[in-house]
Amino acid sequence: MAVHSASERVLAGLDPEQRSAVTAPAGPVCILAGAGTGKTRAVTCRIAHRALSGDISARHVLAVTFTARAAAEMRARLTALGVGGVQARTFHAAALRQVRYFAPRLLEGRAMPELLDSKVRLVTLAAAKAGLRTDRAAARDLAGEIEWAKSSLVEPGEYVVAAAKAMRDTPHEPARVAEVFAAYERLKRSNGVIDFEDMLRAAVWGIEEHRDVAEQVRAQYRHFVVDEYQDVNPLQQRLLDAWLGGRDDLTVVGDASQTIYSFTGATSSYLVDFPRRHRGATVVRLVRDYRSTPQVVGLANAVISQARGAEARLRLELVGQRPPGPEPELRIFTDEPAEANAVAARCRALVDAGTPAKEIAVLFRTNAQSEAYEKALTEAQVPYVVQGAERFFERVEVRQAMVALRAATRSIPGETPLPAAVVEALTAVGWAPDAAPAGGAVRERWEALAALVQLAEEYAATPQVLPIGPAASVERPVTLADFNEELARRAAAQHVPTVDGVTLASLHSAKGLEWDAVFLVGLSEGTLPTTYAKTVEQVEEERRLLYVGVTRAREWLWLSYASARSPGGRARRPSRFLPQLDRSGGAERAGASPAARRPERRRTQIVSCRICGATLLAGPDRKLGRCPTCPSDIDEELHERLREWRQRVAGGQRVPAYVVFTDATLVALAERRPGRAEELIAIAGIGPRKLGLYGEAVLALVAGAAVDDVCPEKTFEISP
């Protein structure tokens, strides 16, 4: 009864689709999970429900993810659900564990080859043997091409044909790349080392070619879960098939619309073809988006609704579950510096209004776009971090700080509060609790150590609970020694603390993350889609990149592009993936006809925000001459006189006040304060007719005249 109750508790709070995924019968299950739909919750609850109900044993489950962080999150959630013993690992970690375990048997007593951390050094040597001189960047490109080939199960002699078939944009002539590939393989063997792809292949070989190994592995692992299944490559699928050995207790989770890593060999074909490969498979679609507002969800649906190709067959139309929020904004700028400065100014405004900097992200297509935003954010005094840089606990300053913190346990009194103790210890490595210094590397070093202080403050807020008996416990403050143990644990798991800064990241590195406010920048043709996207499939992957970017935002979303790269530069067009935005700034919802989504050709005069420089699209914004979120510089006293004047004029004409001037026009007049007729008629809504009727009075009011002086007791005669 208790077991049944525990398994039923796992189902509490699940929506109908999640519940269907959790309770699906044993066998092949495909969970198509859109962004923000709770896929991790669904899959961990499925494992927990089956284990707690006695359907499976937790120790026979292997859950495979693509990042160590995702694996750690899965283990933590399972523990919270009362299920321990599940092996949740990345493909590489699971393969390495098995290869090391079986190495004495497979290698007949020989030592296991050393595992390469990086291919670059050997690739550089291999390139030299093939007659190519390479710098580090070129060697990285060649290493990436070799990784693609090996992940795609392509041998050096097959590379030229395979690269042509896949329409690879190779770093050198395919035949020369094949030479480097072959030389690299020879160098590995002569040096007695293997790379990560070799390790996966060794795990496959151990199972496929050694019956005793296969039997032992399959006796241990009987139930499989694969997260982010749209990102598996042929080599990983080969390993998964070896693990399964013809069995079908397999649950996969994925979203074809988030397939963005095909350049590494990843393919969504296994997700798309899952029902065909596994007859009778249960397919569940999770479409309730709990992450983003309906406005953001609507834009995401509009972006992906035009998708074509195999992935589009599994396209999900998400349904937002959060309360309504602000409409997404589209901004157009004259050049990239103006765009970057406007983004930095808005980040500054968001932070000043209470949005934590770490809940803001600026996302771009290529890392090369980062520099302009780093400069603009620095000038705006907005802290930032660059996603995808060196791992936190591998940074030199962090390693030095951890040494200093361990040494400080012998010199700092134990009663010193933890945050103060950490600050004192970090002075030994040159850190001071002042404002972040100027300069990129110096500032990043300061912010990395500041993150340790922040982590200490968060850790100190959770006292240690010590058991003092079977049913009693006592709390005590955390100590510096406790904190050092926590840091060591996080370092081992690469659990990076969040630095309180705006995140700068490429769209690729942003996948799996989310923020309250997201800026999607540089959305012009040639950048997104990139000029290197030549085939239909490549262009569609660029569309999915924008979709991934949109779905990172919880509440506030900005999309922008610059009409030119630099002031006076060649004009560029907006990205073809941008759906038309309505006059209020919001994206059209999915379901509109293709013709309705096609951008209109407008000959309206371009109006720019006088504060941030953005091109204004909505009528009220054009009238005001500024973005609705840019600060107003309204003259309140002038605005009040204009309102009184309008009331008198409307009363004399016996017409509603808005017939004279709308509220938006009065605000525009009080903000822009025109001094000449040319400036007055430049305000949207004031044409020649109203200039003739009211121009003299309005200009006098702006100049300081009283209402009584410009509004004598008479009525205006209005011609029909």
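Reader: Is Arg554 buried or exposed?
Author: This is a predicted model, in which local features need pLDDT of at least 70, side-chain atom pairs count only at pLDDT 80 or more, and totals for chains, interfaces and linings use all residues. Residues are numbered from 1 along each chain as its sequence is written, and side-chain values use heavy atoms, with hydrogens and water left out. A residue is buried under 20% relative accessible area, exposed over 50%, and partly exposed in between (1.4 Å probe, protein chains only). Arg554 has a relative accessibility of 18%, so Arg554 counts as buried.

Reader: Which side chain meets that of Arg554 in a salt bridge?
Author: Side chains of opposite charge can pair when their charged atoms come close. A salt bridge requires a side-chain nitrogen of Lys or Arg within 4 Å of a carboxyl oxygen of Asp or Glu. At 2.7 Å, N to O, the partner of Arg554 is Asp516.

Reader: How many residues apart are Arg554 and Asp516?
Author: Helices (H or I, at least four residues) and strands (E, at least two) are DSSP runs, numbered from the N terminus. Arg554 belongs to strand 18 (residues 553-562) and Asp516 to strand 17. The pair therefore links distant parts of the chain, and the separation is 38 residues.

Reader: How many salt bridges does a search of the whole structure find, and how far apart in sequence are the parts that Arg291 and Glu514 tie together?
Author: The search finds 42 salt bridges. One of them joins Arg291 to Glu514, whose closest N and O atoms are 3.1 Å apart. Arg291 lies in the loop between strand 9 (288-289) and helix 15 (294-304), and Glu514 in the loop between helix 22 (507-510) and strand 17 (515-520), so the parts tied together are separated in sequence by 223 residues.

Reader: What is the order of the strands in the open sheet?
Author: Two strands pair if DSSP finds at least two bridges between them. Six strands form the open sheet, and their pairing is parallel. Their order is 3-2-6-7-1-8.

Reader: Which are the edge strands, and what is the average twist from one strand to the next?
Author: An edge strand pairs on one side only, as strand 3 (87-90) and strand 8 (282-286) do. From one strand to the next, the twist averages 15°.

Reader: Which residue of strand 7 stands opposite both Cys30 and Val226?
Author: Strand 1 (residues 29-33) pairs with strand 7 in the parallel sense over four bridges, and three bridges join strand 6 (residues 223-226) to strand 7, also in parallel. Cys30 stands opposite Val252. For Val226, the residue opposite in strand 7 is Val252.

Reader: How many residues of strand 7 are buried?
Author: Strand 7 (residues 250-254) is mostly covered. Leu250, Val252 and Gly254 are buried on one side, and Thr251 and Val253 are buried on the other. Of its five residues, the number buried is five.

Reader: Which handedness has the β-α-β unit that contains strand 7?
Author: A crossover is right-handed if, with the strands pointing away from the viewer, the path from the first strand over the helix to the second runs clockwise. The unit is made of strand 6, helix 12 (residues 234-244) and strand 7, and its handedness is right-handed.

Reader: How many disulfides does the count give?
Author: A disulfide is a pair of cysteine sulfur atoms within 2.5 Å. By this rule, the number of disulfides is zero.

How values were computed
Axes are lines fitted to C-alpha atoms, for helices over the stretch in contact, and angles run from 0 to 180 degrees between N-to-C directions.
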